[in-house]
Amino acid sequence: MSNYHIKNLEEYFQVYRKSVREPANFWEEVAEEHFTWRQRWDNVVSWDFSKPEVKWFENAKLNITENCIDRFLFNDGDRTAIIWEPNDPSENAKHISYSELHKMVNKFANVLKENGIEKGDRVCIYLPMIPELAAAMLACARIGAVHSVVFAGFSSKALATRTNDADCKMMITADGSFRGNKTIDLKGIADKALEECPGVETVLVAKRIEADIEMKEGRDKWLQPLLDEASDECIPEIMDAEDPLFILYTSGSTGKPKGMLHTTAGYMVYTAYTFKNIFQYRQNDVYWCTADIGWITGHSYILYGPLANGATTVMFEGVPSYPDAGRFWEIVEKHKINQFYTAPTAIRSLAKTSSDFVEKYDLSSLKVLGTVGEPINEEAWHWYNDHIGKKRCPIVDTWWQTETGGIMISPIPFATPTKPTYATLPLPGVQPALMDENGNEIKGNQVEGRLCIKHPWPGMARSVWRNHQRYKDTYFATFENMYFTGDGALRDDTGYYRITGRVDDVIIVSGHNLGTAPIEDAINEHPAVAESAVVGFPHEVKGNALYGFVILKETGESRNKENLRKEINQQISEKVGPIAKPEKIQFVSGLPKTRSGKIMRRILRKIASKNTENLGDTSTLLNPEVVDEIIENSL
Ligand code: PRX
């Protein structure tokens, strides 16, 4: 029996029970089955959630790129590592073999070194979905630099905050990017951010849209000529198991994003293991995850997990709606995709379009379908199952987080019977617990509570970059000796888990994790605004959408409200990013507050979702009269 290819439910339970009984032995076997280790570990795991401190594969030495690339050169160098599918379907796709990727990454790594990047330095990567993005990340890992990828849809302000927080010495960006029928001035956004980032000494610029951009003398360099001249040999830096691999920012309940720090060996073992098991990837399959590499899904399941298995992984530059709503299915047919992994929000928006967009393509190559990032509603699940999987392909509804590094709760295809809207069972090595508000574990089935994890797993983030206290406070302080996910979940009568949503001030909009605090901060910076509160409400396509309640200053009262809405949205686009723009903005004279001045978001959430029948007790409010006014004028 292999830990990797679990064939049926009985085998799952056997492996699972072993992983709980003997976690160290279980993960040791997984780590021994594949991988190139330069030195073996002394100890599989040591941990103390009160500090919190977690170490996996202590004192092992390795380089993750050697595991993701070099390991396959001897026998399979010609195998395709990455299929790059451009935004415009009339442009040729690129098939990059493992040997070509090896050369590309080595050249890039040498360029980084020649430009002063050393082991431990942070490099900010702000690139569209082009092969240079994958190569840049792997090049950092090759020489032991820490990459911090910032999603190329983020604004200049968001980019600057992240670049400065990680103290990046270098930024890698492009002259622009394509998005459907639009181009985006990425370099312009980067330049604006860089005005506030004095620590960045060098900016490498990839050419993608042939835009006429400004290059700042002494700081900006075109990437391609440097790659052309660089040597394609680069000996990988030997890294310690717990050396940092990357930082990736995620929203929190307070204004500042958290730089989640992932380390080398545990992350590699975990993403490789989960990828193989959850997608039941077989040699020569073609796997496609539609996420952007700027999110954790792309880090773990476009790049590291697949490459660590010698897989062929697709990287798509475009959007699902361009040139029309059939694009995903056209790509499935074109590259004969076997495993397809996407977000519920994409499924919901494509399900609304004519079925002709699906029917005209041959989807018979598909074997496994996946979803990630937010709960999938029953209707979308059935559409996916009926129209895309033709009822033949198991759907893996994968629950996890930026912080967990890899998938935690998910069906294993053909072994775990699926159930719409349920992420089903924990993976081997994952020990979930549901907790009540008093900090007690809720045992048994048919129960609901706050989702925690009891035992460390190799892929977990080890800290918040330069703010270990915040790591402790956010994840380990709510429940003693537990990692707290911030999600609520229920366990049904068979032990299956269903994620019910966030229990904090984070809202998942179209699969993007948004904290309300930074959006409120952006709104409040508008000169006409006195105060604001942002909440989420259910939305047919986006899952959740944002609703902003805004109190104006006297100066704002007389202003045209439509113009004000536009200005506020503009402000949010600039400070946080266009994805954070509220669906609705209501101007109010006050916000419901407790006597201690805390905004009662619970009431606002009910109003936003038009569920005002039972508002609960409002008598403790400082200003109960404002509630009626808000309901009356609600949008
Ligand atoms: O609320 C959960 C939701 O997304 C959050 C994590 O967001 P992020 O760190 O951006 O990572 C997204 C990609 C892994 C979780 O706390 N979430 C993620 N997957 C699911 C989900 N909610 C329900 N079902 C899922 N399958």
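A salt bridge, as the term is used here, is a side-chain nitrogen of Lys or Arg within 4 Å of a carboxyl oxygen of Asp or Glu. The exercises below apply this to a predicted model.

**Exercise 1.** Decide whether Lys 258 has a salt bridge, and describe its surroundings.

*Solution.* Begin by placing the residue in the chain: Lys 258 is found in strand 15. Next, look for a partner of opposite charge; the nearest such side chain belongs to Glu 403, and it is 4.4 Å away. A salt bridge requires a nitrogen and an oxygen within 4 Å, and Lys 258, although buried, has no salt bridge. Finally, list the contacts, leaving aside neighbours within four places in sequence: Lys 258 touches several residues, including Leu 248, Tyr 249, Glu 403, Val 464, Arg 470 and Tyr 475.

**Exercise 2.** Find the buried residues of helix 16 and name the strands against which they pack.

*Solution.* Helix 16 covers residues 468-476, and its buried residues are Arg 470, Tyr 471, Tyr 475 and Phe 476. These buried residues pack against strand 15 (258-263), strand 23 (463-464) and strand 24 (483-491). The result agrees with the first exercise, where Arg 470 and Tyr 475 appeared among the contacts of Lys 258.

**Exercise 3.** Compare the salt bridges Asp 70 to Arg 142, Asp 220 to Lys 187 and Lys 391 to Asp 386, asking of each residue whether it is buried or exposed.

*Solution.* Start with the distances between nitrogen and oxygen: these are 2.8 Å for Asp 70 and Arg 142, 2.7 Å for Asp 220 and Lys 187, and 3.6 Å for Lys 391 and Asp 386.

Then take the first pair, Asp 70 and Arg 142, which meet in a salt bridge. Asp 70 lies in the loop between helix 3 (64-68) and helix 4 (73-76), while Arg 142 belongs to helix 6 (residues 131-143), so the pair ties together parts that are 72 residues apart in sequence. Asp 70 is partly exposed, because its relative accessible area is 22%, whereas Arg 142 counts as buried at 2% relative accessibility.

For the second pair, Asp 220 forms a salt bridge with Lys 187. Asp 220 is in strand 12 (residues 220-222) and Lys 187 in helix 8 (residues 186-194), so that distant parts of the chain, 33 residues apart, are linked. Asp 220 is buried, with a relative accessible area of 10%, and Lys 187 is buried at 1%.

For the third pair, Lys 391 is exposed, having a relative accessible area of 63%, and Asp 386 is partly exposed at 29%. To close the exercise, note a network elsewhere: salt bridges that share partners join Glu 85, Arg 327, Glu 330 and Lys 334.

**Exercise 4.** State which residues touch the most other members of the largest nonpolar core, and name some contacts of one of them.

*Solution.* The largest nonpolar core has 149 residues, and within it Trp 37 and Phe 57 touch the most other members. Apart from neighbours within four places in sequence, Trp 37 is in contact with residues that include Phe 57, Ala 60, Leu 62, Ala 265, Met 268 and Val 269. A second, separate core of 28 residues includes Val 286, Ala 325, Ile 331 and Phe 340.

**Exercise 5.** Work out whether Thr 312 is buried or exposed, and where it sits.

*Solution.* Thr 312 is found in strand 17 (residues 312-316). Its relative accessible area is 7%, and Thr 312 is therefore buried, since buried means under 20%. Not counting residues up to four places away in sequence, Thr 312 touches, among others, Arg 79, Tyr 281, Asp 285 and Val 286, and Val 286 is one of the residues in the second core.

Methods. Residues are numbered from 1 along each chain as its sequence is written. This is a predicted model: local features need pLDDT of at least 70, side-chain atom pairs count only at pLDDT 80 or more; totals for chains, interfaces and linings use all residues. Side-chain values use heavy atoms; hydrogens and water are left out. Helices (H or I, at least four residues) and strands (E, at least two) are DSSP runs, numbered from the N terminus. Buried means under 20% relative accessible area, exposed over 50%, partly exposed in between (1.4 Å probe, protein chains only). Contact means heavy atoms within 4.5 Å. A nonpolar core is a set of buried Ala, Val, Leu, Ile, Met, Phe, Trp, Tyr and Cys residues joined through side-chain atoms within 4.5 Å. Lys and Arg count as positive and Asp and Glu as negative; His and the chain ends are not counted.
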